[in-house]
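Okay, thanks everyone, I'll keep this short. Have a look at the model on the screen, and I'll talk you through the parts I found worth discussing.

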Amino acid sequence: GVETGNRFIGNLGMLPRSTPDPLRIDKPVSNRKERASAFWITNPANAFEGNHAVGVASGQGFWFAAPDNGSGTAAKKGSPCKQLPLQQFENNTAHSIMFDPYASGNLGYRFNWTGNGLELGEVINNNPQNATIKDFTAWKVGNMAIQVGPTRTIKIEDPVLAEARIMVQSASRSRKPGHTPL
């Protein structure tokens with residue numbers, strides 16, 4: 001979570017799998033079971049261009065999920081990753097991202113933490129310097145093609161979205177009292 005200024009260009013994240021709970025060294029957020037992601041991005045101050053997330057059995061293609069403070073030395077310095085602007089996210093693709101109806105927290109039609117092509121969650125704050133999400137493509141996505149967390153303002157330009165349960169979700173299941181609408 002401390003790294004900034006990196007460029008991830010033309011990478012393929014394919015068939016990631018979750019780690020069984022007994023082997024995990026981290027603690028899942030909010031006591032939920034985290035799922036595998038092709039790109040698990042803990043710091044938005046990096047550039048992502050022309051990457052592909054493919055074949056995620058139960059999780060997200062691109063998941064921006066930062067703690068209140070970074071890991072490693074950033075945690076010691078108290079550097080909040082959530083305050084950093086999104087540097088670049090252009091021409092990325094997610095497909096064949098599956099929805100797990102049996103994942104923890106999913107009851108009937110309730111939203112689930114799995115099957116999203118691009119999940120911005122709570123990592124992207126309202127920062128006027130946030131880059132635009134440009135030319136994102138998602139198809140064969142089991143849940144949401146794009147999910148934007150609560151009270152986030154982000155510009156999404158020229159997406160191509162198909163075969164998803166929900167194309168874009170901007171209201172959040174985790175909205176807290178006092179949060180302002182999008």
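Before anything else, a definition: when I say nonpolar core, I mean a set of buried Ala, Val, Leu, Ile, Met, Phe, Trp, Tyr and Cys residues joined through side-chain atoms within 4.5 Å. And keep in mind that this is a predicted model.

So, the core. How many residues does the largest nonpolar core have? It has 24, and the ones with the most contacts inside it are Phe62, Phe64, Phe89, Leu118, Ile133 and Phe136. Which elements give two or more residues to this core? Those are β3 (36-41), β5 (52-56), β6, β8 (93-97), β9 (116-121) and β11. Of these, β11 gives the most, with five residues. As general background, nonpolar side chains in soluble globular proteins tend to be buried together.

Let's zoom in on a couple of those core residues. Leaving aside residues up to four places away in sequence, Phe89 touches Phe48, Phe62, Phe64, Leu118, Thr132, Ile133, Lys134 and Phe136. Phe136 itself sits in the loop between β10 (133-134) and β11 (137-148). Buried or exposed? Phe136 is buried, because its relative accessibility is 0%, and the cut-off for buried is under 20%. Its C-alpha atom is 8.0 Å from that of Leu161, which is 25 residues away along the chain.

Now the aromatics. There are nine aromatic pairs in the model. Take Phe8 and Phe48: their ring centres are 4.9 Å apart and their planes are at 10°, so that pair is stacked. It links distant parts of the chain, with Phe8 in strand β1 (residues 7-9) and Phe48 in strand β4 (residues 47-49), 40 residues apart. The two partners have different labels, by the way: Phe8 is partly exposed at 32% relative accessibility, while Phe48 is buried at 3%.

Phe48 has another partner, Phe64. Here the ring centres are 6.1 Å apart and the planes are at 80°, so we call this pair edge-to-face. Phe48 is in β4 and Phe64 is in β6 (residues 59-64), so this pair ties together parts 16 residues apart in sequence. Phe64 is buried too, with a relative accessible area of 1%. If you follow the ring pairs through, they link Phe8, Phe39, Phe48, Phe62, Phe64, Phe89 and Phe136 into a cluster.

On to charges. How many salt bridges are there? Two. One is between Glu49 and Arg7, with the closest N and O atoms 3.3 Å apart. Glu49 is in strand β4 and Arg7 in strand β1, so this salt bridge joins parts of the chain that are 42 residues apart in sequence. Those are the strands of the stacked Phe8 and Phe48 pair as well. Both ends of the bridge are partly exposed, Glu49 at 28% relative accessibility and Arg7 at 48%.

The other salt bridge is Lys155 with Glu157, where the closest N and O atoms are 3.9 Å apart. Lys155 counts as exposed at 52%, and Glu157 as partly exposed at 29%.

Last stop, the surface. Leu12, Met14 and Leu15 form a nonpolar patch there, and together they have about 320 Å² of accessible area. Met14 belongs to strand β2 (residues 12-14).

That's it from me, over to you.

Terms used. Residues are numbered from 1 along each chain as its sequence is written. This is a predicted model: local features need pLDDT of at least 70, side-chain atom pairs count only at pLDDT 80 or more; totals for chains, interfaces and linings use all residues. Side-chain values use heavy atoms; hydrogens and water are left out. Patches are made of residues with over 30% relative accessible area and no salt bridge: like charges are joined within 9 Å, nonpolar side chains (Val, Leu, Ile, Met, Phe, Trp, Tyr) within 5 Å. Accessible areas come from the Shrake-Rupley method with a 1.4 Å probe; for residues, only the protein chains shown count as cover. A salt bridge is a side-chain nitrogen of Lys or Arg within 4 Å of a carboxyl oxygen of Asp or Glu. Helices (H or I, at least four residues) and strands (E, at least two) are DSSP runs, numbered from the N terminus. Rings of Phe, Tyr and Trp (its six-membered ring) pair if their centres lie within 6.5 Å; planes under 30 degrees apart count as stacked, over 60 as edge-to-face and the rest as tilted. Buried means under 20% relative accessible area, exposed over 50%, partly exposed in between (1.4 Å probe, protein chains only). Contact means heavy atoms within 4.5 Å.
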